[in-house]
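Walk through this structure with me, from the whole chain down to single side chains.

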Amino acid sequence: MAAMRYRLTFVVGLALGYVLGTRAGRERYEQLRKTARQVSQNPAVRNTAESAAQQGRQFAGKAYHVVSEKVGDRVPDSVSERVRSLRERNGHGTTRTADDWGTTTNT
């Protein structure tokens, strides 16, 4: 009888701890999510992210040209076709478009 009472108390305590823990966890998650959203919408943060993305694209373009000059015709056709298709998909004009990070790009 005492063992049954101990098990029941343990199970109830476990269930109560789980419910309270998940509620506290969810509240903290929502708080962090709200803070992250506020930070990401800050104009200074957005401008910094856009600048970093632009510099990254410029660096990648330069690196591609250096590698292609050194490698020459040894680049597999599949890689060349993939790069070409990505360039065509992004366009060659000067239109500003949003990328996956929410920043704008000059294409």
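Among contacts in the chain with a separation of 6 or more, 32% join residues 24 or more positions apart. This is a predicted model, so confidence deserves a look as well, because pLDDT is the predictor's confidence in each residue. The mean pLDDT of the chain is 77. Of its residues, 79% reach 70 or more.

Which elements make up the chain from the N terminus on? The order is α-α-α-β-β. That comes to three helices and two strands. Confidence varies among these elements. Helix α2, residues 43-71, has the highest mean pLDDT, at 86. Strand β1, residues 96-98, has the lowest, at 54.

Next, burial and surface. How many of the 107 residues count as buried? The share is 4%. Here buried means under 20% relative accessible area. The chain exposes about 9,500 Å². Carbon and sulfur atoms supply 59% of that area.

Part of the surface is a nonpolar patch. Y6, F10, V11 and L14 form it. Together these residues have about 470 Å² of accessible area. One of them, F10, is found in helix α1, which spans residues 2-40.

Now the charged side chains. How many salt bridges does the structure hold? There are two. The first to consider joins E30 and R26. Their closest N and O atoms are 3.0 Å apart. Why can these two residues be placed about one helical turn from each other? They are four residues apart in helix α1, so about one helical turn separates them.

The other pair is R33 and E30. Here the closest N and O atoms are 3.8 Å apart. That distance still counts, because the cut-off for a salt bridge is within 4 Å. R33 and E30 are three residues apart in helix α1, so they too are separated by about one helical turn.

E30 takes part in the bridge with R26 and in the bridge with R33. R26, E30 and R33 are thus linked in a network of salt bridges. Are its members buried or exposed? E30 is partly exposed, with a relative accessible area of 31%. R33 is also partly exposed, at 38%. Both values fall in the partly exposed class because that class lies between under 20% and over 50%.

How values were computed
Residues are numbered from 1 along each chain as its sequence is written. This is a predicted model: local features need pLDDT of at least 70, side-chain atom pairs count only at pLDDT 80 or more; totals for chains, interfaces and linings use all residues. Side-chain values use heavy atoms; hydrogens and water are left out. Patches are made of residues with over 30% relative accessible area and no salt bridge: like charges are joined within 9 Å, nonpolar side chains (Val, Leu, Ile, Met, Phe, Trp, Tyr) within 5 Å. Accessible areas come from the Shrake-Rupley method with a 1.4 Å probe; for residues, only the protein chains shown count as cover. pLDDT is the predictor's confidence in each residue, from 0 to 100. Buried means under 20% relative accessible area, exposed over 50%, partly exposed in between (1.4 Å probe, protein chains only). Contact means heavy atoms within 4.5 Å.
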